[in-house]
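Biologist: I would like to learn how to read a surface feature. Where do we begin?

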Amino acid sequence: MRRPLNRPKGADSAVLWDLLTFEHLMTNQVIHIIYWSGLALIALGAFGTIGAAVGVAIRDPFPFGLLLAIPVVVGGLLVMGALVLLWRSFCEFYVAIFKISEDLAVLRADVEAERERTLQS
């Protein structure tokens, strides 16, 4: 079993140590930024779909442009809704994987502490 690395003393070196090693994971903070960035891109796609449908409705003659624009808007918004759900599940999957990793690290520390107590007894 791998021995834990020796952490340096001091507040400034502890932050740097956490950045350089994988003893403490920063994924919870980073995944929030990635999640909101992905939602912003999906929203831009939704606005682009609505803009394209309005452009088609304006450019083509009245009945044909409108008949083509309505399904484009409805279909585009349904696709964007599906993308939001997929993006959310993708991000939750990664959060769950990293939570499992943190839980395993805690369990390993508990087992090692229990082993030390039984050896000392």
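Modeller: Begin with one residue. This is a predicted model. Exposed means over 50% relative accessible area. Isoleucine 58 counts as exposed because its relative accessibility is 67%.

Biologist: In which element is isoleucine 58 placed?

Modeller: Isoleucine 58 sits in helix 2.

Biologist: Which residues form the nonpolar patch on the surface?

Modeller: Ile58 is one of them; the others are Leu41, Leu44, Phe47, Ile50, Val54 and Leu77. Together they have about 730 Å² of accessible area. Helix 2, residues 27-59, gives the most to this patch, with six residues.

Biologist: What is the overall fold made of, in helices and strands?

Modeller: The protein chain has three helices and zero strands. The order from the N terminus is α-α-α. Of its 121 residues, 13% count as buried. The accessible surface comes to about 9600 Å², and carbon and sulfur atoms hold 72% of that.

Biologist: How many salt bridges does the structure hold?

Modeller: The idea is a side-chain nitrogen of Lys or Arg within 4 Å of a carboxyl oxygen of Asp or Glu. The structure holds two. Glutamate 92 pairs with arginine 88, with the closest N and O atoms 2.6 Å apart. Arginine 117 meets glutamate 114 at 3.2 Å, N to O.

Biologist: Where do glutamate 92 and arginine 88 lie?

Modeller: Both lie in helix 3, residues 62-120, four residues apart, about one turn of the helix. Arginine 117 and glutamate 114 also lie in helix 3, three residues apart.

Biologist: Why does glutamate 92 count as partly exposed?

Modeller: Its relative accessible area is 42%, and partly exposed lies between the 20% and 50% cut-offs. Arginine 88 is partly exposed too, at 39%.

Note on methods. Residues are numbered from 1 along each chain as its sequence is written. This is a predicted model: local features need pLDDT of at least 70, side-chain atom pairs count only at pLDDT 80 or more; totals for chains, interfaces and linings use all residues. Side-chain values use heavy atoms; hydrogens and water are left out. Patches are made of residues with over 30% relative accessible area and no salt bridge: like charges are joined within 9 Å, nonpolar side chains (Val, Leu, Ile, Met, Phe, Trp, Tyr) within 5 Å. Accessible areas come from the Shrake-Rupley method with a 1.4 Å probe; for residues, only the protein chains shown count as cover. Helices (H or I, at least four residues) and strands (E, at least two) are DSSP runs, numbered from the N terminus. Buried means under 20% relative accessible area, exposed over 50%, partly exposed in between (1.4 Å probe, protein chains only).
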